[in-house]
Amino acid sequence: MDHDHTANAHHAARPTCWTVVVPGPFFGGFTYHLEAGQTPPCPGARVRVPFGKSERVAVVIEAAEPDGQETRPIAAVLDPEPLLDDRTLACLRWAAAYYHHPLGEVVFAALPKALRGERELQVEALSLTESGRQALEDGAARGERQREALATLKDADDAVPATALAAAAVRRRLIEHGWAQIVSMTAPADWPSSSENDKTTAPALKNEQAVAVEAVAAGLARFGAWLLQGVTGSGKTEVYLALIEQVLESGRQVLVVVPEISLTPQLIQRFARRLDVVPAVLHSGLADGERLAAWRAVAAGKAQLVIGTRSAAFVPLPKAGLIVVDEEHDAALKQQEGFLYHARDVLVWRARQLDVPILLGSATPSLETLRHAWDGRYHHLHLTERATGAPMPNIHCLDIRAQPMEGGLSPALMRAIERHLLAGGQVMLYLNRRGYASSLVCHACGWVAGCPHCDAFLTWHRQAGRLRCHHCGFEQGVPADCPSCQAPLSVRGMGTEQLEDVLAARFPGFGIVRLDRDATAGKGVMAESLARVARGEARLVVGTQMLVKGHDFPGVSLVGVVNADQALFASDFRGPERFAQSLLQVAGRAGRAERPGEVLVQTHDPEHPVLRRLLSEDYEAVMAAELAEREQAELPPTRFAALVRADAPNGAAARAFLTRVADDLRERQGDELAVWGPVSAPLARRAGRYRFQLLLLARVRSVLHQALWQVDESVGSRRPGQGLRWSVDVDPIDLA
Ligand code: ADP
Ligand code: ZN
Ligand code: ZN
C-alpha cells in the first residue's frame, strides 16, 4: 500500500493519526493518518477522508495513537481553524454519551447545514507586498484610492478580504503594480454592533421583578440554575432583558432559547430595540447562508446576543455570560426525531461547563424543573402578579354530560360566547385538533377512513378537499359515499375547521380567525391573522396549540376550552401535567386590567382531581400532587427513564428483537433496573413500519446508562438487518 511506503521512508516523522467522525449509525469514530507534508488539522475542523469506496466530509475529534492497525490517509484538511471549539466538542461528546446517540450524528447536527458538506469558508483576499510598502512610503502610489487601500493593508495585521478593501478596478491596479498579492483567507465572521434603531427604555421594575434581577445579577460570575416562575404577563421577559443588558455591557455573550413558535419577529424586535444590538437568530427556517453567517458570528464571539430555537443549544459561545431558556416546560424544546436531545437539559449542562448562570422561565414549569427547585438544587424565583395589573382570569368547568351539543359547543358555552361578543369582548376557543373532522365513518357498515400505512384515522380537511394522515403525510381525495357499501358517510370528532364553520354560521358578522398549522401555512398569513385580532376586526379566534404559545390577546375576555377530556384522558402519563400547563397558558393569554377574563372548560368529568385542584388551588399544588402520583407509580421524574424503540416492516421481527434485548437486560442487570415491555407503541404502525418499545426505569441514573451501554454493546449496530431500526430515547417526554 502506498502510505505504508511513505511511513517507512520517513521513519522519523511517523504519520500522526486522528480520530474523526462522520454522520451515520456508527458508535465510534474512525482513525486516519496524515501524510507527510500535510498541515495537521485541529480537533473541531473538517477534513475529507476516503470512506468505503467514496470520500466523505468528517470532523476531527482528537489525535489518536497509531495502534498498529492499517489506516487510510486524510485526503484534505478543509478548515485551517476549528469550527467547533474544545468546550463545544466536549459538550457534544457528553451529549452523545448521555443520549446514547452516534457521535458523528451529534457533531453534524451541531453544525449549520452549509458546513455539513465541503463548503469552504475561504475568500479571496489581498495582502501587502514589500514593494507595496515602499510605494506607500516613497509616494509612488499617486491615486488617492490606491493609497487608501495600501494604507488599509499596512494597518491590517493580516490579509484583507478583497471586496472589503476597494473597488475591483483599484485592486487590479495594485496587483498590476505588484504592490499587493492575492491570497486566500478564512472569511471573517462579521456582525453589526448596533441595531440602529431607537432604543426603547425599560419600565421601572416592579418589586418582584427587581428582586429576581438582583438575585441573579449577584451570581452572574458563576454557574447557578434559576427557575423564574411567573404567570403570563408577569414581566419575565423584562427580567431577562435587565439581566441581559448587564451581561452585554460586560462584553459577554447571552444565549436565549425559546420554543419554535414563540420565535416571532415581535420578540426579536423587542430584544433588538431594548438592547440596541442585532440579535443573531438561529432557527431551522432560515436560508442556509443566513444561518451560516449568524452561527459564525456567534462562534467567533462577534455577535453578543443569540436568540434561537432548540438547535441553537449547541452553538459555540466563546464569551458566554448567561443562558436563558424561555417556556422551559415546552415540549418543543425536545428534539423528537433523529438525535433526541432536550435543549433545556443540554443547556443546564453547558451552563455548568461554561460556569455561567442559566435562567429557566415559565408560567407553568415542568415537573422536572419544579422538583429541582423544591429540592433546592435550583434557585426559585416567583412573579405572582401581572405587570400590567390585570387580574388572572376565573376558571370554571362546564359539565357537558347529557347536554345537547351543537358543533361541539354546549348551550352554556354558546350563551357565554354571545354575552362576551355583545359586551364588546373577543372570544378565543381552544381545540387541539386541526382539520374538519378527525374521521369519516359509515354508520351502515362501520367503514372508517383509515391510513393504509399507519394505525390511524385520516383527518378530513374540508377546505383542501383531502383526507390526510397526520402521522405519515399520506393523503387522498374524499370519497362521495362509503367505498364498501355506498351508504352516505358521516363525520366523527371535531376539528378546528368545523368549529370555525359552526361559529361563523352562529355568530355572523363578528369576524373570525383560525390559527392552526393549516390556516397559517402561507408566508405572512400568521402575521396578518394576528393583526386582524389585534385590530379587533376578528372578534372570534379559533385555534390549536398555537394559541397556547407566544401570542398575547389582550382584548380577549372569554376563553373556551372545547374538549378538555382529550388531554385529561390521554394515555400518556404526562397527560395531567400537560393539561394543567395548556389550560393555564391559554388562560394567561387573555384579559387586561379593565376587563377580567373568564375561562370555561368543557368536560364530561368535572370531578376529575386535576381539574378540581386547578380550580381551587394553585399550579404548584397541582404539581405537588402529581409528583406524589409519579412517585407511587415509579415514573419520572422520580425515576430515570429511557425508551428503546424498534420498528420494522415485519412486526414479529421488531418484537422479537426487543424481547431479546429485554431478556438480556433482565438477566444481566439487577433489580435496580425495571424493564417494561416490549409493548406495541401507542401508534402501532406508522408509515408501513410496525413499532414496539421497551421502557427502562431506574432510581439511579448510572444504572440506566449501564443498561443502555449493554444494549449498544450486545447489538453492535443501530441497523442490525432485516430492515430493523432501533433507537434510544433518554428522558422521553412522551411514550408515543
Ligand atoms: P412575560 O414574559 O412574563 O409574559 P412580559 O415581560 O412580556 O411578561 O410583560 C408583559 C407586559 O407587561 C408587557 O407588555 C411588558 O411591556 C409589560 N411590563 C413588564 N414589566 C413591566 C413593568 N415593570 N412596568 C410596566 N409594564 C411592564
Ligand atoms: Zn359502508
Ligand atoms: Zn399514515
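Ligand 1 has 16 residues around it, and the closest are A204, Q209, K236, T237 and R270; a residue makes the list if one of its heavy atoms lies within 4 Å of the molecule. This is a predicted model, where local features need pLDDT of at least 70 and side-chain atom pairs count only at pLDDT 80 or more, while totals for chains, interfaces and linings use all residues. As for bookkeeping, residues are numbered from 1 along each chain as its sequence is written, chains are lettered from A and ligands numbered from 1 in the order in which they are written, and side-chain values use heavy atoms, with hydrogens and water left out.

Back to the shell around ligand 1: it divides into five nonpolar, seven polar and four charged residues. For that split, Ala, Val, Leu, Ile, Met, Phe, Trp, Tyr, Cys and Pro are nonpolar, Asp, Glu, Lys and Arg are charged, and the others, Gly among them, are polar. Helix α9 (residues 236-249) gives the most to this shell, with three residues. Helices here are DSSP runs of H or I with at least four residues, strands are runs of E with at least two, and both are numbered from the N terminus.

What do the oxygen atoms of ligand 1 meet on the protein side? A polar backbone atom of G233 is 2.9 Å from one oxygen atom of ligand 1. K236 also uses its backbone, with an N or O atom 2.8 Å from an oxygen atom of the ligand. R270 brings in its side chain, a polar atom of which lies 2.9 Å from an oxygen atom of ligand 1. Polar contacts like these are pairs of N or O atoms within 3.5 Å; within protein, one must be able to donate a hydrogen and the other to accept it, and residues adjacent in sequence count only if both atoms are side-chain atoms. Taken alone, ligand 1 exposes 560 Å², and the protein buries 74% of that. Those areas come from the Shrake-Rupley method with a 1.4 Å probe, and for residues only the protein chains shown count as cover.

Now for the two zinc ions.

| Zinc ion | Protein donors | Distance | Angles | Spacing |
|---|---|---|---|---|
| ligand 2 | C442 (SG), C445 (SG), C482 (SG), C485 (SG) | 2.2 to 2.3 Å | 103 to 113° | C-x2-C-x36-C-x2-C |
| ligand 3 | C451 (SG), C454 (SG), C469 (SG), C472 (SG) | 2.2 to 2.4 Å | 105 to 113° | C-x2-C-x14-C-x2-C |

Donors are N, O and S atoms within 2.8 Å of the metal (3.2 Å for Na, K and Ca), and water is not among the atoms, so sites may look incomplete. The zinc ion (ligand 2) has a tetrahedral arrangement of its four donor atoms. The site of the zinc ion (ligand 3) is tetrahedral too. That label asks for four donors with all angles between 85 and 135 degrees.

Why does the ligand 2 site link separate stretches of chain? C445 sits in the loop between β19 and β20 and C482 in the loop between β22 and β23 (490-494), so the pair ties together parts that are 37 residues apart in sequence. C445 is partly exposed, at 39% relative accessible area, whereas C482 is buried, at 0%. The cut-offs are under 20% relative accessible area for buried and over 50% for exposed, with partly exposed in between (1.4 Å probe, protein chains only).

At ligand 3, C454 is in the loop between β19 (437-441) and β20 (459-461) and C469 in the loop between β21 (466-468) and β22 (475-477), so this pair ties together parts that are 15 residues apart in sequence. Both C454 and C469 are buried.

A few backbone oddities are worth a look. The peptide bond from P636 to P637 is cis, with omega near 5°, and P637 lies in the loop between α20 and β28 (640-648). Another cis bond joins G677 and P678, with omega about 10°; P678 is in strand β29 (residues 673-686).

Positive phi turns up at D276, about 55°, although D276 is not a glycine. D276 is in the loop between α10 (265-275) and β12 (280-282) and is partly exposed, with a relative accessible area of 25%. D355 has a positive phi as well, near 60°. Its loop runs between α12 (343-354) and β15 (357-362), and D355 is partly exposed at 38%.

Technical notes. Tetrahedral: all angles 85-135°; square planar, octahedral: opposite > 155°, others 65-115°.
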